[in-house]
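Student: I am new to this structure and should like to be guided through it by questions and answers. Where might we begin?

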Amino acid sequence: MTKPAFTEIGAKPLPLETNSCWSCGSMRAAHFCESCGKVQPPAPVDYFSFFGLPAKLTIEVPALETEFYHLSRKLHPDLSARAGSQEQEWSLEQSSLLNDAYRTLRDPIKRTQYLLRLEGVELEEQSKSATEQARATGGVKKQIVPPDLLEEVFELNMQLEELKMNKQMQEDDAALTAEIAKHKTALEEKYESLLQELQSYWKEWDALMERNPRAESPERKQISAKMVDVLNRRNYIRNLVRDVNAALEN
Amino acid sequence: MSYSDKVIDHYNNPRNVGSLDKSSTDVGTGLVGAPECGDVMKLQIKVNRETNVIEEAKFKTFGCGSAIASSSLATEWVKGKTVDEALSIKNMDIVKELSLPPVKIHCSVLAEDAIRAAIGDWKKKQEAPKPVAAEAK
Ligand code: FES
Ligand SMILES: [Zn+2]
């Protein structure tokens with residue numbers, strides 16, 4: 001994901017009281033002035049704050065959508081009154097921020113990944129740092145995905161390879177094909193259930209945010225670790241289903 | 001992206017593809033995965049219990065060319081080394097040998113992880129209480 005220029009990842013929302021409108025000097029709302037309606041320079045906020053939302057994961061997507069359309073109309077850079085002005089430039093920046101924020105938050109997975117990034121989790125870096133830790137301690141690296149899933153991925157890949165070889169030899173192994181197809185169905189079900197599992201962690205997260213949004217508790221780390229874990233497993237299964245489909249279609 | 005000649009060589013003629021008897025006490029098995037791409041790699045070693053030298057190594061990798069080449073190279077490198085020597089193999093050694101580009105570094109990490117995991121598994125087997133028959137001798 002490319003970082004939008006005006007969103008400092010992890011930045012705390014600016015206290016609104018300190019911002020007054022550049023045009024009329026009165027207190028302003030996040031994106032445009034409440035008194036005179038002029039667009040304001042983008043403030044460095046995260047996507048949740050951009051929409052005025054708390055950093056919670058259960059989101060009413062229809063309400064988000066309504067707010068998105070509302071804001072996109074008001075922030076539209078082509079409003080003729082703004083043409084050529086500094087205000088138009090800000091509209092442009094705000095609009096692109098709005099689009100990024102909306103696209104990220106409306107998607108349950110992207111939303112979760114985004115929140116995890118705000119929490120300082122680098123999904124891509126994780127594996128490397130675990131390796132470094134294993135090196136330093138002389139231990140075995142803790143695998144990011146559970147061993148039984150790895151085992152499953154490996155076994156299924158063996159079967160897929162066998163299937164490919166059979167096809168090359170023009171042989172048809174109906175039993176093998178059926179077994180793989182069955183496995184695929186099971187994987188798809190697991191894929192679905194992982195979303196439900198993820199949503200249960202959303203609830204835990206949201207409850208924590210309600211109690212204390214700034215808490216540096218171990219619980220906070222635990223919940224985000226559980227979410228990372230689900231996302232990793234889900235990734236594996238998605239790739240696997242994709243490979244199975246490719247093998248069955250060929 | 002183009003692969004280096006060495007990667008292509010390992011890819012076309014992978015060394016030591018196959019498997020060893022997972023249940024044997026002399027065999028250590030490492031099964032690892034890269035969450036970035038969803039690839040999996042299995043690496044197995046057979047260790048001489050007198051000398052701690054790795055006498056045999058096999059692998060099977062489902063993944064990109066670099067992962068296959070990295071694991072193929074890893075099996076070549078661990079053979080003839082003692083377990084402790086093998087533990088000193090770093091992914092950057094593999095990167096250098098195969099001239100892997102930065103985006104393929106995680107593939108070499110996978111190979112290092114696999115070596116460690118296989119050795120870890122073998123060590124665990126050595127610590128486990130010996131079957132009664134073995135103890136009695
Ligand atoms: S791309 Fe995943 S191991 Fe190479
Ligand atoms: Zn104003």
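Tutor: Lys104(B) lies in the loop between α4 and α5 of chain B. Please bear in mind throughout that the model is predicted.

Student: Is Lys104(B) buried or exposed?

Tutor: The relative accessibility of Lys104(B) is 14%. The limit for a buried residue is under 20% relative accessible area. Lys104(B) therefore counts as buried.

Student: What distance separates the C-alpha atoms of Lys104(B) and Asp21(B)?

Tutor: These two residues belong to one chain and stand 83 residues apart along it. The separation of their C-alpha atoms is 31 Å.

Student: In which loop does Ser99(B) lie, and what is its phi?

Tutor: Ser99(B) is placed in the loop between α4 (91-98) and α5 (105-127) of chain B. The residue is not a glycine, yet its phi is positive, near 50°.

Student: Let us turn to the strands of chain B. How many bridges join β1(B) and β2(B)?

Tutor: Strand β1 covers residues 27-34 of chain B. One bridge partnership links Ala34(B) with Asp39(B) in β2(B). The two strands pair in the antiparallel sense, and the number of bridges is eight.

Student: Which residue in the hairpin of β1(B) and β2(B) takes a positive phi?

Tutor: This hairpin has four residues between its strands. A positive phi near 80° is found there at Gly38(B).

Student: Which residues of β3(B) stand opposite Ile45(B) and Val40(B)?

Tutor: β2(B) and β3(B) pair in the antiparallel sense over eight bridges. Ile45(B) stands opposite Ala57(B). For Val40(B), the residue opposite is Phe62(B).

Student: Which residue in the turn between β2(B) and β3(B) has a positive phi?

Tutor: β2 (39-47) and β3 (54-62) of chain B are connected by a loop, and the hairpin they form has six residues between the strands. The residue in that turn has a positive phi of about 65° although it is not a glycine. With a relative accessible area of 33%, it is partly exposed. The residue is Asn52(B).

Student: Why is β2(B) described as largely enclosed by the rest of the structure?

Tutor: The strand has nine residues, and the description rests on how many of them are buried. β2(B) is largely enclosed because the buried residues number eight of the nine.

Student: How many disulfides does a search of the whole structure find?

Tutor: A disulfide is a covalent bond between the sulfur atoms of two cysteines. Among the cysteines, Cys64(B) is buried with a relative accessible area of 16%, and Cys107(B) is buried at 1% relative accessibility. The number of disulfides found over all chains is zero.

Student: How many aromatic pairs are found over all chains?

Tutor: The search covers the whole structure. Over all chains, the number of aromatic pairs is six.

Student: What type of aromatic pair do Phe48(A) and Tyr114(A) form?

Tutor: Phe48(A) lies in helix α1 (residues 47-50) and Tyr114(A) in helix α4 (residues 108-118) of chain A, so the pair links distant parts of the chain, 66 residues apart. Both residues are buried. Their rings are 6.1 Å centre to centre with 40° between the planes, and the pair is tilted.

Student: What type of pair do the rings of Phe50(A) and Phe51(A) form?

Tutor: Both of these residues are buried. Their ring centres are 6.0 Å apart and their planes lie at 75°, so the pair is edge-to-face.

Student: Which residues touch the most other members of the largest nonpolar core?

Tutor: The largest nonpolar core has 59 residues. At least three of them come from each of domain 1 (5-106) and domain 2 (133-249) of chain A. Helices that each supply at least two residues include α3 (86-106) and α7 (174-211) of chain A. The residues with the most contacts to other members are Phe48(A), Phe50(A), Phe51(A) and Met227(A).

Student: Beyond its neighbours within four places in sequence, which tryptophans are in contact with Met227(A)?

Tutor: Leaving those neighbours aside, the contacts of Met227(A) include Leu57(A), Thr112(A) and Tyr201(A). The tryptophans among its contacts are Trp202(A) and Trp205(A).

Technical notes: Residues numbered from 1 in each chain as written. Chains lettered and ligands numbered in written order. Predicted model: local features only at pLDDT ≥ 70, side-chain atom pairs only at ≥ 80, totals over all residues. Heavy atoms only, no water. Buried < 20%, exposed > 50% of the residue type's maximum accessible area, 1.4 Å probe, protein only. Phe/Tyr/Trp six-rings, centres within 6.5 Å; stacked < 30°, edge-to-face > 60°. Disulfide = S-S within 2.5 Å. Core = buried A, V, L, I, M, F, W, Y, C linked by side-chain atoms within 4.5 Å. Domains from an automatic or database assignment. Contact = heavy atoms within 4.5 Å. Pairing = 2+ DSSP bridges.
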